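Please look over the sequence and the structure below before reading on. The briefing that follows takes up one helix, its surroundings and the nonpolar cores.

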Amino acid sequence: MARIAVVGSINMDLVTTTGRRPEPGETLLGRDFEMVPGGKGSNQAIAARRAGAEVEFVGAVGADLFAPVLRQVLDDAGVGTRQLRSAPGPSGVASIVVDETGENTIIVIEGANAALTELGPADLAAVAAADILLCQLEIPVPTVLAAARHARVAGTTVLLNPSPAQDLPAELWSAVDIAVVNAGEAERLAAPLNSVAHVVVTRGAAGAEYRGPEGEVTHPGVRVEVVDTTGAGDTFTGALAAHWHEGPAAALAWACTAGALATTKLGASAAIPSRAEVESALPRAQRN
């Protein structure tokens with residue numbers, strides 16, 4: 001069982017479904033509304049846990065009505081929350097509009113995630129004890145850098161999902177062992193990605209590809225009936241981290257299958273498949 005420390009964000013997703021996404025200045029009537037716990041860090045932590053890894057989460061919730069719900073969803077998934085702290089003010093929130101094709105538009109309000117500015121001894125100990133440190137960019141970049149720097153010293157593999165894509169310090173890129181990006185991010189971050197040993201590029205319904213010391217590996221998309229693509233990339237990343245120790249080909253198979261299954265339900269964390277669901281959808285030769 002892989003041990004993963006996630007240093008990242010946790011949000012309450014406010015999800016509206018509608019026939020199509022509105023044009024600028026346009027008002028539409030929505031079809032449905034749900035509140036679903038999410039955030040890239042939380043989603044990836046839950047996905048890694050459901051894929052079979054042992055996971056510890058380092059993050060922050062606010063002092064609002066969302067906070068206990070956000071903490072509970074991690075607890076219910078079996079993710080360790082000893083390093084989940086409370087900060088004054090609101091928790092992180094994401095406003096999401098999903099159209100009838102399953103495509104979405106997302107606006108993220110950082111809230112308590114912005115308060116994750118320091119890592120204490122217990123946080124750093126969780127990073128050092130892990131096989132993989134999993135980070136994203138919905139928390140302050142200096143915190144991601146501090147976690148990656150400590151992971152490098154401790155011998156923990158650093159997996160970065162550099163989303164939302166932005167300019168990052170060269171020191172952070174030099175500490176990254178594995179980068180997971182979508183096709184658009186791969187183009188924008190082409191230069192710094194050249195310094196990363198292992199790069200995984202997701203291509204939505206077309207699957208994903210890997211390049212690294214072991215050569216190149218591709219995995220085709222998995223056909224499913226798409227309901228909502230929110231959180232599919234996070235599910236992919238969490239599952240990849242959980243099975244990275246099995247090698248790129250096996251990890252890609254797990255990640256592509258989990259990510260596809262995550263699009264068959266509404267909401268991010270609620271749609272993340274269990275290990276049994278992914279195993280039943282994998283080709284027989286790739287099941288563990």
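**Helix H2 and the nonpolar cores**

The buried residues of helix H2 (buried meaning under 20% relative accessible area with a 1.4 Å probe, protein chains only) are covered by elements that include strand E2 (11-17), strand E3 (32-38), helix H1 (40-50), strand E4 (54-61) and strand E5 (80-86). Helices (H or I, at least four residues) and strands (E, at least two) are DSSP runs, numbered from the N terminus. This is a predicted model, in which local features need pLDDT of at least 70 and side-chain atom pairs count only at pLDDT 80 or more, while totals for chains, interfaces and linings use all residues. Residues are numbered from 1 along each chain as its sequence is written, and side-chain values use heavy atoms, with hydrogens and water left out.

**Helix H2**

- The buried residues of H2 are Ala67, Leu70, Val73, Leu74 and Ala77.
- Seen down the axis of H2, these residues fall within an arc of 135° (taken from the directions from the helix axis to the C-beta atoms), so they line one face of the helix.
- On the other side of H2, Pro68 and Asp76 are exposed (over 50% relative accessible area).

**Nonpolar cores**

- The largest nonpolar core (a set of buried Ala, Val, Leu, Ile, Met, Phe, Trp, Tyr and Cys residues joined through side-chain atoms within 4.5 Å) has 46 residues, and those with the most contacts inside it are Ile4, Phe236 and Leu240.
- Helix H9 (residues 248-261) gives the most to this core, with eight residues.
- A second, separate core of 30 residues includes Leu133, Val141, Leu168 and Leu172.

Note on methods. Contact = heavy atoms within 4.5 Å.
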